[in-house]
Amino acid sequence: METNSKNQTRFVLRDAYLFWPRWKQFLYRVFFQAFLYLGFLFSLFLVFLGFGRYRAGGILGVFFFFFAILRKNMSDCPVNEKYLTKNKINLAVFLSPQAKDLLSETRFFSQERHLSLIASFFYLCFNEPEIIQSLSYLDYTPEHLGELREQLLQYSSSTKESVQDFFLQLTRESLAEAQELKRDSLDVYSLMLGAFHFTDPEAVKLLEELGIEKNDLAIAFAINLLAKKKNVEPIKGLTDTPQNFFRPKKIRVNRSLTSRPTPTLDKFSVDFTDLAQRLKIGVMVGHLTEYEALVKILSRPGKNNVLLLGEAGIGKETIVSYLAYNLVRGQVPPVLRDYRLIALSFSSLFQDLKTPFEACNRLDQIVKEVLANNDIILYLSDLHNYKLLTQEGGLSAFEILKPLFEGNTPLIATSTPVDFHRLLEIDSTVKNSFEIIRVQEVSEVEALKILAFQSLSWQRKTKIKISYQALKRAVLLAKRFLTDTPLPSSAESLLTEALEGARQRKQKLVTEQDIVNLVSVKTSIPLEVSQGEETERLLSLEQDIHKSFINQEEAVALVADALRQYRAGLANPNKPIGVFLFVGPTGVGKTELSKILAKVYFGSEKLMIRFDMSEYQDQRGVFRFIGDPEGQTSGVLTEAVKERPFSLILLDEFEKAHPKVLDLFLPLFDEGRLTDNLGNTIDFTNTIIIATSNALSDYIKDEIEKGTAFNTLTEQLKKKLTNYFNPELLNRFDEVVVFRPLTQEHLKEIVKLKLNSLQLTMLEKKISLEFDFSVVERLAQLGYNPIFGARPLDTVIRHFIKDELAQLILKNKVKAGDKVFCTVVNNNFQLTVTS
């Protein structure tokens with residue numbers, strides 16, 4: 001059987017062993033093993049008892065059979081470019097003996113149990129020790145695997161399947177997986193991952209019911225393979241180390257014979273190529289685009305200095321370490337192969353020194369040593385620090401480095417966006433000498449892989465295991481809530497803190513709940529492990545809001561519908577959760593609904609960020625929001641969302657802001673992001689944004705009194721709002737929500753809510769407080785103002801009820817266990833105390 005790929009390479013699977021009957025395979029294995037071991041023993045016999053050419057033949061035989069015995073568990077050919085560039089490829093030559101036996105047993109098991117081939121394959125995989133051990137890293141217990149095996153026995157074969165077609169498709173899909181895992185053969189790991197590429201309905205259904213994600217499985221396999229390498233630091237020294245020493249790889253740097261000594265540089269630097277040779281550094285997950293750009297720039301003639309620009313912890317040094325490892329392996333362009341990568345330590349320049357002058361002298365000597373060599377790539381971490389080191393006379397360390405910028409020594413420097421903008425961007429030397437590569441945050445999948453490797457190292461050191469679900473939850477919540485620090489650093493910080501907590505509590509396992517609890521404490525947001533609780537909360541959102549909010553049913557329903565659509569995945573995930581314009585008279589509940597929504601949806605009113613837009617009536621308001629161009633002042637909006645990325649933003653009296661300020665919100669409403677004054681992109685996709693406006697309040701009141709249908713009123717209002725807002729801005733709102741004026745009946749209900757809240761407060765003091773209905777009616781009368789709506793209610797309750805209560809408590813006339821009854825007599829409020 002054969003098939004063609006897109007590049008016209010023909011894949012075939014030709015190996016008679018795979019299709020032999022079981023007895024024939026058994027005899028072949030017995031005779032082959034006997035041949036190897038008897039041949040080895042006979043060769044030894046000739047070596048010790050033979051003479052002359054017989055002894056020489058015996059020695060050759062010993063080497064031959066010893067090598068054959070060692071290779072008997074390997075594939076015929078390794079999976080590498082040498083064997084993958086042919087027009088016709090027999091995939092059988094890449095199969096390990098264990099993989100061949102797995103495929104053969106799949107055929108037998110399918111026939112004996114009348115199961116589908118893919119169900120039989122997975123059933124047998126779940127019996128393989130390597131797979132069982134790997135799945136344990138995903139928190140699968142033997143009992144759970146037993147349940148999965150029982151589940152697979154239900155997949156009977158409904159149609160006659162072609163065994164050869166199945167094997168060919170499986171091995172072909174496994175080829176890329178073997179390369180991704182850096183395996184030398186198609187083994188059990190790569191075959192199982194390859195099975196996830198099957199797209200026929202039965203396979204898709206089976207994979208869904210198994211509930212195992214391919215990315216998780218690949219990470220588990222990588223962890224299991226690493227766990228066997230006891231002397232390799234996962235994440236620091238993780239490399240694609242050879243599977244065996246019979247397939248040697250180049251692991252040394254070709255040192256230039258013209259190299260000159262660098263004693264001063266050696267004393268204050270770290271040789272990254274030496275660390276990479278000893279497998280102490282070299283891992284890189286993600287950042288491939290940045291790495292390829294780095295190598296391309298370093299390899300070209302002329303301007304070949306690179307400045308890696310990114311937030312602290314984003315992975316800049318990871319990219320440099322990976323370059324060092326590839327220099328060691330010789331897997332770089334020829335022009336770079338004789339280079340060594342040296343990292344100059346800025347802090348070490350001050351070792352045993354008292355003045356910047358002495359440090360600058362050291363640096364000057366280092367520059368001379370580097371310029372005298374032609375085989376050094378110099379790594380300058382945090383280049384901006386050299387701007388800060390200034391000796392007497394005003395000459396900075398940065399000025400001392402400038403001969404390197406203009407020389408032939410390739411340089412790799414790093415900086416953060418803030419420090420670059422503050423110290424380096426204004427220097428024309430940097431612009432003329434360096435190519436800037438902006439280092440992006442790794443994806444969530446890549447961050448999970450990095451932390452999974454790191455967890456293995458943590459477990460070895462602390463004897464505390466981090467569950468895989470805890471790792472996934474840490475990445476998810478760090479990405480969602482801790483946006484001021486990039487992945488994987490933000491998630492790593494969570495996990496190390498959780499590990500310390502587990503150590504103090506003498507726990508042996510960090511669970512998903514531990515991570516959720518930790519993030520809840522850090523963000524003051526109540527979180528749940530189960531999404532079922534969040535779903536239930538969304539379905540009952542209107543009822544929850546109306547427990548503390550009266551009237552405005554249409555407004556509440558519109559907001560609730562939009563939030564449900566977002567959570568169900570029907571809205572654009574690259575926009576904020578919801579963007580609403582609340583329009584209506586003062587005091588009808590626009591701000592109150594925003595507060596309640598923050599509490600119900602996010603868990604706390606503290607997660608509402610409020611801006612009075614009447615304070616932003618001039619053009620400078622733009623810089624107040626995003627920061628000034630000079631970088632001296634941070635933006636109040638961008639910084640607030642950095643600190644609380646999961647929050648509700650209230651833009652009060654939106655129509656009063658300057659048009660340039662309003663234009664600032666166009667990309668924010670549409671794309672869910674905003675760029676601050678330092679060029680950082682701030683993520684707003686976890687926010688709800690509510691703008692309020694009192695525009696057209698009289699028109700709303702008049703139309704409602706006329707009996708205009710609410711939907712009609714809303715459409716008419718949208719057209720009239722173009723007199724206040726740019727149509728382009730209006731179209732960015734998910735909903736324009738119209739608020740009705742309040743009636744006396746609504747006010748009475750609001751009074752009841754506020755009095756209930758006061759009763760609960762008194763109950764905490766063990767004092768019973770009761771109100772006559774006349775109190776509700778009188779407060780509703782006093783608390784309503786045609787201009788301010790229900791806003792005076794709080795003032796009225798405080799003046800007529802709370803002030804009196806406070807005096808009674810302070811005079812000790814009301815104490816714990818007492819009952820207080822409030823009523824209205826002759827339009828005056830009267831409090832009666834009984835014990």
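This section describes helix packing, backbone geometry, surface composition and salt bridges in a predicted model.

Two packed helices are described by the angle between their axes and the distance between the axes. Helix α21, comprising residues 444–462, takes part in two such pairs, one with helix α11 and one with helix α22. In the pair with α11 (residues 214–227), the axes are 10 Å apart and the packing angle is about 30°. Because angles under 35 degrees count as roughly parallel, α11 and α21 are assigned to that class. The crossing in which α11 passes α21 is right-handed. In the pair with α22 (residues 468–481), the axes come within 10 Å and cross at roughly 135°. This angle lies outside the ranges for roughly parallel, roughly antiparallel and roughly perpendicular pairs, so the arrangement falls into the remaining class, and α21 and α22 are therefore oblique to each other. The crossing of α21 and α22 is likewise described as right-handed.

Most residues other than glycine have a negative phi, and most peptide bonds are trans. Several loop positions in the model depart from this pattern. The peptide bond between L487 and P488 is cis, with omega about 0°. P488 is located in the loop that connects α22 with α23 (489–504). A positive phi, near 55°, is found at H114, a residue other than glycine. H114 belongs to the loop between α4 (97–113) and α5 (117–125). Its relative accessible area is 58%, and since the cut-off for exposed residues is over 50%, H114 is classed as exposed. D139, also not a glycine, has a positive phi of about 70°. The loop that contains D139 runs between α6 (129–136) and α7 (142–152). With 30% relative accessibility, D139 is partly exposed.

A further loop residue, N80, is placed between α2 (53–71) and α3 (81–84). N80 is partly exposed, at 29% relative accessibility. In sequence, N80 is separated from D184 by 104 residues, whereas the C-alpha atoms of N80 and D184 are 7.5 Å apart in space.

On the surface, W23, F26, L27, V30 and F31 make a nonpolar patch of about 550 Å². One of these residues, W23, is part of helix α1, which covers residues 22–49. W23 has 57% relative accessibility and is therefore counted as exposed.

Salt bridges total 39 over the whole structure. One of them joins the side chains of D101 and R29, with an N to O distance of 3.8 Å. This pair connects distant parts of the chain, as D101 is in helix α4 and R29 is in helix α1, 72 residues apart. Both side chains fall in the intermediate accessibility class: D101 is partly exposed at 29%, and R29 is partly exposed at 33%.

Other salt bridges are formed within a single helix. In helix α18 (residues 397–406), K402 and E399 are three residues apart and are thus separated by about one helical turn. The closest N and O atoms of the K402 and E399 salt bridge are 3.2 Å apart. The accessibility classes of these partners can be stated separately. K402 has a relative accessibility of 17%, and because the buried class is defined as under 20%, K402 counts as buried. E399, at 33% relative accessibility, counts as partly exposed.

In helix α30 (residues 636–643), E639 and K642 are likewise three residues apart, about one turn of the helix. Their side chains meet in a salt bridge with an N to O distance of 3.4 Å. E639 has a relative accessible area of 25% and is partly exposed. K642 is also partly exposed, with a relative accessible area of 22%. Elsewhere, R22, E105 and E112 are joined into one network by salt bridges that share partners.

Terms used. Residues numbered from 1 in each chain as written. Predicted model: local features only at pLDDT ≥ 70, side-chain atom pairs only at ≥ 80, totals over all residues. Heavy atoms only, no water. Patch = residues over 30% accessible without salt bridge, like charges linked within 9 Å, V, L, I, M, F, W, Y side chains within 5 Å. Areas by Shrake-Rupley, 256 points an atom, 1.4 Å probe, with all protein chains shown as cover. Salt bridge = Lys/Arg side-chain N within 4 Å of Asp/Glu carboxyl O. Helix = DSSP H or I, 4+ residues; strand = E, 2+ residues; numbered from the N terminus. Buried < 20%, exposed > 50% of the residue type's maximum accessible area, 1.4 Å probe, protein only. Axes fitted to C-alpha atoms, helices over the stretch in contact; angles between N-to-C directions. Parallel < 35°, antiparallel > 145°, perpendicular 65-115°, else oblique. Left-handed = near helix turned anticlockwise from the far one by under 90°.
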